[in-house]
Amino acid sequence: MAVNLVNVENVSKVYGTRALLDGVSLGVSEGDRIGVVGRNGDGKTTLIRMLAKLEEADTGRITHSGGLRLGVLTQHDSLDPAATVRHEVIGDMADHEWAGNAKVRDVLTGLFGGLDLPGFPKGLDTVIGPLSGGERRRIALAKLLIEEQDLIVLDEPTNHLDVEGISWLAQHLQNRRSALVCVTHDRWFLDQVCTRMWDVQRGDVYEYEGGYSDYVFARAERERIAATEEAKRQNLVRKELAWLRRGAPARTSKPRFRVEAANELIADVPPPRDSSELMKFASSRLGRTVFDLEDVTVQAGPKVLLKHVTWQLGPGDRIGLVGVNGAGKTSLLRAMAAAARSEGEEQPAGGRIAVGKTVKLAYLSQEVAELDPTWRVLEAVQRVRERVDLGKGREMTAGQLCETFGFTKEKQWTPVGDLSGGERRRLQLLRLLMDEPNVLFLDEPTNDLDIETLTQLEDVLDGWPGSMIVISHDRFFVERTTDRVFALLGDGALRMLPRGIDEYLERRRRMEEAVAAQATAAAPKPAATERSAADQRAAKKELQKIERQLDKISEKESALHAQIADNATDFAKVADLDARLRDLAGEREELELRWLELAEDA
């Protein structure tokens, strides 16, 4: 029988005149993996801070089991700015001690990309004080994960991690024996890690079995039975449920409730987007040319990020852009935006970017634009436009769109200066869409947005007719809002990935294995393991042969990618080409494994 680690009994918490939590009773047992969701400001962080006894409840009681080993990641770290990374993460362990510890090696490699902490000026001996908030947060997470705990409490652990880092963290937490309570807006991460959900809503906490997908199904069923939620929210839940059931059925674990009843809710729900109709509308608004990149080279200072890229963003294209940090994702968008602003006069370091004459670009950058803090929310939107055409005959007033983005009638009169970071991000998005652009560049649009706001944004984008590029570490958002994924792998090229982010992670793993194999091959071998000269010559000869075969496979893959792009509307042709790509990927994997075996002999 599982031991109870934490008990929350009839707990209430009031801020000002608002009850964040009202008579809540919960429990955390050994082996629990709990995801906490809810709107910004509804009390998620307050709940887990009280759970960890970092904050006192107004009424009720919170008890921990005797000797509970508790690890907590808050949104503000308590690292010593004068200390080094080594001191905070590894402590007094000698080099041979931590380097021989598999868990330490796994955490350092997973969160920092290597034991030498590439990207930090002095590796483990870097002083923490001058580091960015994102770097400090990764250090705090590494420190927590290296230690042993009975319960880990994490508040937004995926912030400042890229797609690979999030994938690694999900796998790491799956393999740990510690119980887990985690607040995050990353829905893919919740599905991978959690087996129970707590939904914090208006002072209450609703419990659900399963991961995020199961939670969406169960919430839809609860709302069908209760029939008390407003029609707009229920429709959004039903739409997301339809997406989860039809678009990616494999992502959910076995639901522990009546799926049949939930499925009745989506019997009449159409697919999230009518892509062909949106494409036609986008073509009529944009014409044939949107962005054409010819032999483009992009630099950041002296560093060349992209080399000789030829690519086209067409009318109605919805592109997800992923890649390693520093590979040039944001720089590529900035170069394209600069060409659009200057009507083609401002060009990148090499090549040319042609911009369609009808392009009206809206660019959401990672920095939140400063607005006059004395403006009211509604005024800030109305200063852009009073009404907006969302396509397909849909029109909204500024006030209606504000409500769609979670700004109630009362909230619309709040001064901008009193908004939280997430609310300002929402307002920035709202003002962009209010200007009726036909091309959207969204750079990390999900930062600071809660899950409910994300589903509202996805609903607006479903019917938005135009071209769009999304950069995001939120895998769920990329898969939900875009139709194709392109990747920057750090080698200066831009590649289309027919299998999306799964293929990106596979390619990155292969690249890392190849680098590790080269390092192993270059390292001197002890005399006892030396091969005969004849064996070495034979191994080198076969290695050269395999490398030539790998080059040919790369050429074939590039050709197939080009064919897929040329036949994007012929689904049968694309499916055939994708099957050939998969065959080539299998061939490549076998050759790379053989290459690794031979590297040691050579």
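Lys 545, Arg 548, Lys 552 and Lys 556 form a patch of positive charge on the surface. The model is predicted. A second patch, this one negative, brings together Glu 513, Asp 583, Glu 587, Glu 589 and Glu 590. Away from the patches, Lys 53, just after helix 1, has a positive phi. Leu 117 has a positive phi too, as does Glu 436.

**Positive patch**

- One member of the patch, Lys 552, sits in helix 19.
- Helix 19 spans residues 533–566.
- Lys 552 has a relative accessible area of 55%. That value makes Lys 552 exposed, because exposed means over 50%.

**Negative patch**

- Helix 20 is the top contributor to the negative patch, supplying 4 residues.
- Helix 20 covers residues 571–601.
- Glu 587 belongs to helix 20 and is one of the residues of the negative patch.
- The relative accessible area of Glu 587 is 42%. Glu 587 therefore counts as partly exposed, since the class lies between the 20% limit for buried and the 50% limit for exposed.

**Helix 1 and the residue after it**

- Helix 1 runs over residues 44–51 and is mostly covered.
- Of its 8 residues, 6 are buried.
- The buried set includes a charged residue by name, Lys 44.
- The other buried residues of helix 1 are Thr 46, Leu 47, Ile 48, Met 50 and Leu 51.
- Lys 53 follows just after helix 1, with a positive phi of about 60°.

**Leu 117: positive phi in a loop**

- Leu 117 has a phi near 50°, a positive value in a residue other than glycine.
- Leu 117 is placed in the loop between helix 4 and helix 5.
- Helix 4 is 102–112, and helix 5 is 133–146.
- Leu 117 has a relative accessible area of 0%. Leu 117 is buried because this value is under 20%.

**Glu 436: positive phi in a loop**

- Glu 436 takes a phi near 55°, again positive in a residue other than glycine.
- Its loop links helix 15 (421–434) and strand 17 (439–443).
- Relative accessibility of Glu 436 is 24%. Glu 436 is partly exposed, not buried, because buried means under 20%.

Technical notes. Residues numbered from 1 in each chain as written. Predicted model: local features only at pLDDT ≥ 70, side-chain atom pairs only at ≥ 80, totals over all residues. Heavy atoms only, no water. Patch = residues over 30% accessible without salt bridge, like charges linked within 9 Å, V, L, I, M, F, W, Y side chains within 5 Å. Areas by Shrake-Rupley, 256 points an atom, 1.4 Å probe, with all protein chains shown as cover. Salt bridge = Lys/Arg side-chain N within 4 Å of Asp/Glu carboxyl O. Charge placed at Lys NZ, Arg CZ, Asp CG, Glu CD. Helix = DSSP H or I, 4+ residues; strand = E, 2+ residues; numbered from the N terminus. Buried < 20%, exposed > 50% of the residue type's maximum accessible area, 1.4 Å probe, protein only.
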